[in-house]
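Reader: I'm new to reading structures, so could we walk through this one together, a residue or a helix at a time?

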Amino acid sequence: MEDVKKLLGSVAISPKIIEETDKGVKDIEGFKNKIEEYLSQNVTELLDVILYGAIALDTSDIHVEPEQEKSRLRIRLDGILQDVVFFDRNIYRHLISRLKLLSKLKLNITDKPQDGRFTIGVKDLLIEIRTSSLPAEYGESIVMRILNPKSLISLEDLGLREDLYKIFQKEIEKPNGMIIVTGPTGSGKTTTLYAFLKKIQNPEIKIITIEDPIEYHLAGVSQTQVAPEKGYDFSDGLKSIVRQDPDVILVGEIRDLETAKIALQASLTGHLVLSTLHTNDAAGTIPRLVDIGTDASSIASGLKMAIAQRLVRKICPKCKAKKGGCEYCNFTEYKGRMGLYEVLLVDAEMEKFILTNPPVSEIKKLAIQKGMVTMYQSGLLAVKEKKTTLQEVKRVVEEDESL
């Protein structure tokens, strides 16, 4: 691990802390107790315990939030924030300084937002930590996002219904066209896109991605990252990528007209283009592209599939029968998450309809007539199969008025 550390500038978690944490941290209470043991230790060991404990619990991010008298540490488990521990302002100051140093953030800047990153080495895994600092009322609020390569899963592991699996497999094997995944931040869009890439990846095709930032590293795929401060944005990067003669292009997000135009043009000239967009549902993809200035004829001929998705918590398999929570699920009665999907396919009829610039409600109506299962209906199917609960579906998906 020392060689890896030197090569990649990663921070290695000490074997002692790994061993102690593996033994004592099975739930949030154990995590709290372990942190409290280290509050009087040096800040390097304290941070190691916080980072490794969060990773051991499959946390997606860690929040350090200053309050008037104390500071609070929270973690996000299965999409829900949970309090872990409170500590004094002195420990907070040392912790923030250590974090900013590791993340290459400027220590003397406390009144402006900053973004940084660092890598930690854990049991032969390199896990990237994305750090964001934000000036708040009582100091800087810090969020660490954990990008664990173990989160990269295959199409088979997405837990798709059989009908969805067949649709996805058929569409991603097409040689050209655009596939867009939509949903809010944290809804698993990148995970889905990478599952697509893993499924179609083979030595005979060239895959290039342009992302902001690169979230996961995939062997055999050429990945590039935008750098707006250097004048290298999505549209510039996409122009360069097309000249590299790729078969598949992943564009992290479509944010502007120029990117949308180049991506759609690429989809019409023999490339499979995968990307994301911020919309509420699958039907909203089309009006959203029109809103940023994209020509309806380009959308109609280039777009092949729009997917909207949300993540819901799954019922804990170990305490499902007794419905009382257990140590395995931190007494929440839920463990892990699954995707709910809404898939709009663009066939010849939908293509002609898009040319009329219809409102989102009419697009959705036609898609449902053609067999689209709405997000809420997907949730009800998951409830029927006892994978999640109705309360959980209603928490993340707006109820269909038509049902």
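Author: Sure, and keep in mind that this is a predicted model. Let's start with one residue, Thr 285, whose place is in helix α10, residues 285-291.

Reader: Okay, is Thr 285 buried or exposed?

Author: To count as buried, a residue needs under 20% relative accessible area. Thr 285 has a relative accessibility of 0%, so the verdict is buried.

Reader: Which residues does Thr 285 touch, apart from those up to four places away in sequence?

Author: We skip the residues up to four places away in sequence and see who is left. For Thr 285, that leaves Ile 180, Thr 182, Leu 277, Thr 279, Leu 303 and Ala 306.

Reader: Now Gly 183. Where is it, and is it buried or exposed?

Author: Gly 183 sits in the loop between β8 (177-182) and α7. Its relative accessible area is 1%, so Gly 183 is buried.

Reader: What does Gly 183 touch, and how far is it from Tyr 341?

Author: Not counting residues up to four places away in sequence, Gly 183 touches Lys 189, Leu 277, His 278, Thr 279, Gln 309 and Arg 310. Gly 183 and Tyr 341 are 158 residues apart along the chain, and their C-alpha atoms are separated by 10.0 Å.

Reader: Why does the length of helix α7 agree with what 1.5 Å a residue suggests?

Author: Helix α7 covers residues 189-200, which is 12 residues, and at 1.5 Å a residue they should span 16 Å. The two agree because the end C-alpha atoms of α7 are 17 Å apart.

Reader: Which residues of α7 are buried?

Author: Here we want the ones with under 20% relative accessible area. In α7 those are Lys 189, Thr 192, Leu 193, Tyr 194, Ala 195, Phe 196, Leu 197 and Ile 200.

Reader: How many of the 14 residues of α4 are buried?

Author: The buried ones in α4 include Leu 46, Asp 48, Tyr 52 and Ile 55. Helix α4 is largely enclosed by the rest of the structure, because the buried count is 10 of the 14.

Reader: How do α2 and α4 pack, and what is the handedness of their crossing?

Author: Helix α2 (residues 15-24) and helix α4 (residues 43-56) have axes 10 Å apart, at an angle of about 45°. That angle makes α2 oblique to α4. The crossing of α2 and α4 is right-handed.

Reader: Which residues make that contact, and what kinds are they?

Author: From α2 come Lys 16, Ile 17, Ile 18, Thr 21 and Asp 22, and from α4 come Glu 45, Asp 48, Val 49, Tyr 52 and Gly 53. Sorted by kind, the residues of the α2 and α4 contact are four nonpolar, two polar and four charged.

Reader: And how does α4 lie against α5?

Author: The axes of α4 and helix α5 (residues 89-102) come within 10 Å and cross at roughly 75°. An angle from 65 to 115 degrees counts as roughly perpendicular. That makes α4, relative to α5, roughly perpendicular.

Reader: Last one: where is Cys 326, and which residues is it in contact with beyond its neighbours within four places in sequence?

Author: Cys 326 is in the loop between β13 (303-315) and β14 (334-345). It counts as buried because its relative accessibility is 11%. Leaving aside neighbours within four places in sequence, the contacts of Cys 326 are Cys 316, Lys 318, Cys 319 and Phe 331.

Key: Residues numbered from 1 in each chain as written. Predicted model: local features only at pLDDT ≥ 70, side-chain atom pairs only at ≥ 80, totals over all residues. Heavy atoms only, no water. Helix = DSSP H or I, 4+ residues; strand = E, 2+ residues; numbered from the N terminus. Expected span 1.5 Å × (residues − 1). Buried < 20%, exposed > 50% of the residue type's maximum accessible area, 1.4 Å probe, protein only. Axes fitted to C-alpha atoms, helices over the stretch in contact; angles between N-to-C directions. Parallel < 35°, antiparallel > 145°, perpendicular 65-115°, else oblique. Left-handed = near helix turned anticlockwise from the far one by under 90°. Contact = heavy atoms within 4.5 Å. Nonpolar A, V, L, I, M, F, W, Y, C, P; charged D, E, K, R; others polar.
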